[in-house]
Amino acid sequence: MKLKGKVKNYIQRLIEEGSVLHFSLLDPDKISDISKLYDITKSLYNYGTNAFLIGGTLGISLDKLNKILEILDDFDIPKIIFPSNINLITEKADAILFMSLLNSDDIYYVMGAQVAAAPIIKKTEVETLSTGYLIIGNGGTAAHIGRARVIPYDNIDLAVAYSLAAEYMGMNFIYLEAGSGALEPVKPEMIRTVRKTTSLKIITGGGIRTPEKATEIATAGANIIVTGNIIESDLTKALKIIESIKKIKISE
Ligand SMILES: CC(C)=CCC/C(C)=C/CC/C(C)=C/CC/C(C)=C/COP(=O)(O)OP(=O)(O)O
Ligand SMILES: O=P(O)(O)OC[C@@H](O)CO
Ligand SMILES: [Mg+2]
């Protein structure tokens with residue numbers, strides 16, 4: 001089922017209904033046995049994950065991405081590209097996080113990749129989700145490759161200043177990223193303050209491994225919680241995380 005052009009509305013509608021969303025991150029490089037992918041993604045779907053994010057920093061190929069998207073075609077939730085560069089754009093996806101790494105020292109990750117990608121995206125008609133990408137704490141591989149000047153975990157003022165700048169530039173989402181496999185996720189207090197001071201929708205991920213942490217982060221004000229590594233290392237735990245997020249209803 002194709003959801004191109006409808007993804008932003010789908011996300012907004014769920015948030016307005018008081019839901020916190022869960023996105024399942026699939027890294028093409030980490031999927032060694034593609035024959036097992038259907039069963040894994042079916043469980044994630046059945047437990048209520050709201051979208052598939054597909055992307056990774058190292059070892060990715062368009063061919064593998066397309067194969068994964070074909071397998072996901074059965075599920076009527078969005079398939080969203082999470083790009084590390086311009087080589088991961090395909091018309092088989094519904095949408096792409098059209099992101100600028102706000103705290104990069106390298107203009108390529110702030111504006112160069114976006115310019116190079118724009119004409120390709122126009123041709124594929126993949127929907128763009130305008131996203132400020134902000135790397136916090138250790139930041140993992142994405143911080144290293146993206147030459148991020150990482151924001152310390154406790155520097156809430158800096159995270160708020162970047163988020164406000166993203167809002168004033170017209171972006172819709174801010175992705176507070178601790179880095180895939182981070183020892184510590186982004187702190188709830190940082191999420192709470194960004195939520196209070198901006199109207200951006202908050203995506204967060206990196207190091208979320210337990211239902212308790214996910215609940216804490218969701219109740220602090222995250223709109224979308226991303227988990228990646230835990231799907232690969234402990235699927236049962238990942239499903240429990242989804243279950244715990246589904247239970248939350250935000251009333252404002
Ligand atoms: C808009 C377009 C087309 C590109 C933007 C490109 C930008 C801004 C990239 C930012 C820097 C970067 C390298 C981001 C990577 C984001 C990502 C896919 C993270 C997933 O985690 P991994 O880095 O694969 O973690 P592992 O080390 O666990 O595999
Ligand atoms: O793999 P994990 O640690 O869940 O991180 C998810 C995501 O935020 C990485 O970009
Ligand atoms: Mg990866």
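Guide: A word before we start: buried means under 20% relative accessible area, exposed means over 50%, and partly exposed is anything in between. Keep in mind that this model is predicted.

Visitor: Let's try those words out, then. Why is Lys 187 called partly exposed?

Guide: Lys 187 has a relative accessible area of 32%. Partly exposed covers what lies between under 20% and over 50%, so Lys 187 gets that label.

Visitor: What makes Lys 187 and Asp 154 a salt bridge?

Guide: The cut-off is a Lys or Arg side-chain nitrogen within 4 Å of a carboxyl oxygen of Asp or Glu. In this pair the closest N and O atoms are 2.8 Å apart, so the pair passes the test. The background is simple: side chains of opposite charge can pair when their charged atoms come close.

Visitor: Where do Asp 154 and Lys 187 sit in the chain?

Guide: Asp 154 is in the loop between helix H5 and helix H6, and Lys 187 is in the loop between strand S6 and helix H7, so their pairing ties together parts 33 residues apart in sequence.

Visitor: And Asp 154, is that residue buried or exposed?

Guide: Exposed, because its relative accessible area is 58% and the label asks for over 50%.

Visitor: How do you know that Lys 92 and Glu 70 form a salt bridge?

Guide: Their closest N and O atoms are 3.7 Å apart, and the limit is within 4 Å, so they qualify. This pair links distant parts of the chain: Lys 92 is in the loop between strands S3 and S4, Glu 70 is in helix H3, and 22 residues separate them. Lys 92 has 28% relative accessible area, so partly exposed is the word for Lys 92.

Visitor: How many salt bridges are there in the whole structure?

Guide: A search turns up nine. Another one of them joins Lys 36 to Asp 33, with 3.6 Å between the closest N and O atoms.

Visitor: Why is Ser 19 called buried?

Guide: Ser 19 has a relative accessible area of 17%, and buried means under 20%, so the name fits. You'll find Ser 19 in the loop between helix H1 and strand S1.

Visitor: What makes the link between the side chains of Ser 19 and Lys 249 a polar contact?

Guide: The two side chains are joined at 3.2 Å, and the distance limit is within 3.5 Å for a pair of N or O atoms. Leaving out residues up to four places away in sequence, Ser 19 touches Leu 14, Ile 248 and Lys 249.

Visitor: Why is Ile 107 called exposed?

Guide: Ile 107 reaches 63% relative accessibility, and the mark is over 50%, so Ile 107 counts as exposed. Ile 107 lies in helix H4 and joins Met 111 and Val 115 in a nonpolar surface patch of about 320 Å².

Visitor: Which residues have the most contacts inside the largest nonpolar core?

Guide: That core has 85 residues, and the ones with the most contacts inside it are Ile 11, Phe 23, Ile 80, Leu 97, Ile 174 and Leu 176. Among the residues that Ile 11 touches are Leu 21, Phe 23 and Phe 173.

Visitor: One last stop: what is notable about the phi of Glu 125?

Guide: Phi is near 60 degrees there, a positive value in a residue other than glycine. Glu 125 is in the loop between H4 and strand S5. At 60% relative accessibility, Glu 125 is over the 50% mark and so counts as exposed.

How values were computed
Residues are numbered from 1 along each chain as its sequence is written. Chains are lettered from A and ligands numbered from 1 in the order in which they are written. This is a predicted model: local features need pLDDT of at least 70, side-chain atom pairs count only at pLDDT 80 or more; totals for chains, interfaces and linings use all residues. Side-chain values use heavy atoms; hydrogens and water are left out. A nonpolar core is a set of buried Ala, Val, Leu, Ile, Met, Phe, Trp, Tyr and Cys residues joined through side-chain atoms within 4.5 Å. Buried means under 20% relative accessible area, exposed over 50%, partly exposed in between (1.4 Å probe, protein chains only). Contact means heavy atoms within 4.5 Å. Patches are made of residues with over 30% relative accessible area and no salt bridge: like charges are joined within 9 Å, nonpolar side chains (Val, Leu, Ile, Met, Phe, Trp, Tyr) within 5 Å. Accessible areas come from the Shrake-Rupley method with a 1.4 Å probe; for residues, only the protein chains shown count as cover. Helices (H or I, at least four residues) and strands (E, at least two) are DSSP runs, numbered from the N terminus. A polar contact is a pair of N or O atoms within 3.5 Å; within protein, one must be able to donate a hydrogen and the other to accept it, and residues adjacent in sequence count only if both atoms are side-chain atoms.
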